[in-house]
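Reader: Please walk me through this model, one topic at a time. Keep it short.

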Amino acid sequence: MILKDIWLDVKAVKERDPAARNPLEVLFLYQGVHALIWHRFAHWFYCHKLFFIARLISQMARFFTLIEIHPGAVMGHGILIDHGCGVVIGETAVVGDNCTIYQGVTLGGVGLNKGKRHPTLGTNVTVGAGAKILGSFQVGDNCTIAANAVLLNPLENNVTAVGIPARPIKISGVPIPKEVKAEVTMESYCRMEERIRAMEQTMTELQTELSHYKNNDSNESGKEALSDAEE
Ligand SMILES: CC(C)(COP(=O)(O)OP(=O)(O)OC[C@H]1O[C@@H](n2cnc3c(N)ncnc32)[C@H](O)[C@@H]1OP(=O)(O)O)[C@@H](O)C(=O)NCCC(=O)NCCS
């Protein structure tokens, strides 16, 4: 069983890393594969409650590969850990089949609570370099998490998420329309100033016209008063 898992990991690298030349090279020279091989043994000991040996193997793997996979983590088949350096996968994390994980990825927890506290990745998920997925939630099948994103919430299937905190930008490769925010830019500020100036000018004109009418009114009423007096 473990041998089959190792073969599937080697095959995954061969198929998905354009730089991989042949399975033998992958088996001997890819630390992502080495980390997974160590982990398969460590996980076996973990499942048989031999926690010290499990942890010892995992620490040795970390020493040689710079990839830390807790022996309790459940790793699927055909996983590609590319470059790998700095990857940390927590105790209760689950990584589905055919996932791709780049260097610097953390599948971690938030807080100090026990129990399930790490994420669960569906199948065929890609986690970009330096991305952090923190908390106990599900990331759907075929999702892509961008390089350096920090994902704190669950994702549906086929979603691409980017940023800090990560937000969905595509579903099945189709961009999600962006919300247009009312932003104050230099241009909008200049337009606003022009409109205020035009309004001020109109007000001055109206005031002049108004005072003109008032003057006319007072003159006419004065004349009427004079003619009344003469009569
Ligand atoms: C997430 C990713 C898959 C997006 O690829 P894509 O579907 O081709 O997306 P686009 O390039 O069309 O980008 C869509 C939007 O997301 C933004 N975006 C893409 N990657 C981003 C990232 N890592 N962080 C923040 N924003 C990102 C783009 O700027 C663009 O924004 P805009 O619409 O405002 O212009 C890709 O950018 C990525 O990060 N892949 C990981 C690769 C990796 O880690 N390689 C390591 C090799 S060693």
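The turns below go through the model by topic.

Reader: What kind of model is this, and what pLDDT do local features need?

Author: Residues are numbered from 1 along each chain as its sequence is written. The model is predicted: side-chain atom pairs count only at pLDDT 80 or more, totals for chains, interfaces and linings use all residues, and local features need pLDDT of at least 70.

Reader: How far apart are the C-alpha centres of domain 1 and domain 2?

Author: The bounds come from an automatic or database domain assignment. Domain 1 covers 2-175 and domain 2 covers 181-231. Their C-alpha centres are separated by 72 Å.

Reader: Which residues are closest to the ligand?

Author: A residue is near a molecule if its C-beta atom, placed from the backbone, lies within 6 Å of it. The ligand is surrounded by 13 residues. β14 (159-162) and β15 (167-171) each give at least two residues to that shell; strands are DSSP runs of E with at least two residues, helices runs of H or I with at least four, both numbered from the N terminus. The closest residues are G128, A129, A146, A147 and V162.

Reader: Which element gives the most to the largest nonpolar core?

Author: Such a core joins buried Ala, Val, Leu, Ile, Met, Phe, Trp, Tyr and Cys residues through C-beta atoms within 7 Å. A residue is buried if 20 or more other C-beta atoms lie within 10 Å of its own, exposed if 12 or fewer, and partly exposed in between, with C-beta atoms placed from the backbone. The core has 43 residues, and I79, I81, I101, V127 and I145 touch the most other members. Among the elements giving two or more residues are α1 (2-16) and α4 (51-65), but the top contributor, with 6 residues, is α3.

Reader: What span does α3 reach from its first C-alpha to its last?

Author: The expected span is 1.5 Å times one less than the number of residues. α3 has 17 residues, and 24 Å is expected. The model comes close to that, at 24 Å.

Reader: Why does V139 count as buried?

Author: V139 sits in strand β11 (residues 138-139). Contact means C-beta atoms, placed from the backbone, within 7 Å. Beyond four places in sequence, the contacts of V139 include P119, L121 and I133. V139 counts as buried because its C-beta neighbours inside 10 Å number 28.

Conventions
Contact = placed C-beta atoms within 7 Å.
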